[in-house]
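Colleague: Let us go through the salt bridges of this model. Please keep the answers short.

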Amino acid sequence: MSDLIHDDLTGLMTPFFFYESANRVISWARRRNQPISLISINLEGISNDDLVRCARELSNELRGGDLLARMAEEKFILLLLGNLTGANQLIFRLSNRIKPKLHFQSTELVTEEFLATALSRINI
């Protein structure tokens, strides 16, 4: 049965719960002058089994405060506490670890930027 919090197939956050949680994390980070980065992960053309396996592998890389959600059938989003350099280092590690080859895009939220604006830069 579907719920508003977890994706049925992957167990990741749904878009609804991601937006709600992301706004809280962003607010917390801004109060502490901490950078926030976003990584979009395109999983186009992979099977459901590989999709679930990728979700599991990505979840294993999360740290406290990081968020991972399934935003569309073949697209994940990862919100990280950290700057763009850290996001790109994570992308490098993930691209060497997870097969099949995934396509990543990253961006850093700028001061007082809305989440939707940053998401549009990485095609979410």
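Colleague: Which residue meets the side chain of R63 in a salt bridge?

Modeller: First, the basis: this is a predicted model, where local features need pLDDT of at least 70, side-chain atom pairs count only at pLDDT 80 or more, and totals for chains, interfaces and linings use all residues. Residues are numbered from 1 along each chain as its sequence is written, and side-chain values use heavy atoms, with hydrogens and water left out. A salt bridge needs a side-chain nitrogen of Lys or Arg within 4 Å of a carboxyl oxygen of Asp or Glu. R63 satisfies this at 3.1 Å, N to O, and its partner is D66.

Colleague: Is D66 buried or exposed?

Modeller: Buried means under 20% relative accessible area, exposed over 50%, partly exposed in between (1.4 Å probe, protein chains only). R63, at 48%, is partly exposed. D66 has 8%, so D66 is buried.

Colleague: How many residues apart in sequence are the parts that R93 and E61 tie together?

Modeller: R93 and E61 form a salt bridge, with the closest N and O atoms 3.5 Å apart. R93 lies in helix α3 (residues 84–97), and E61 in the loop between α2 (48–60) and β2 (67–72). Helices (H or I, at least four residues) and strands (E, at least two) are DSSP runs, numbered from the N terminus. The pair therefore ties together parts whose separation is 32 residues.

Colleague: What is the closest N and O distance between R97 and E61?

Modeller: R97 is partly exposed at 40% relative accessibility. E61 is partly exposed too, at 21%. Their salt bridge has its closest N and O atoms apart by 2.2 Å.
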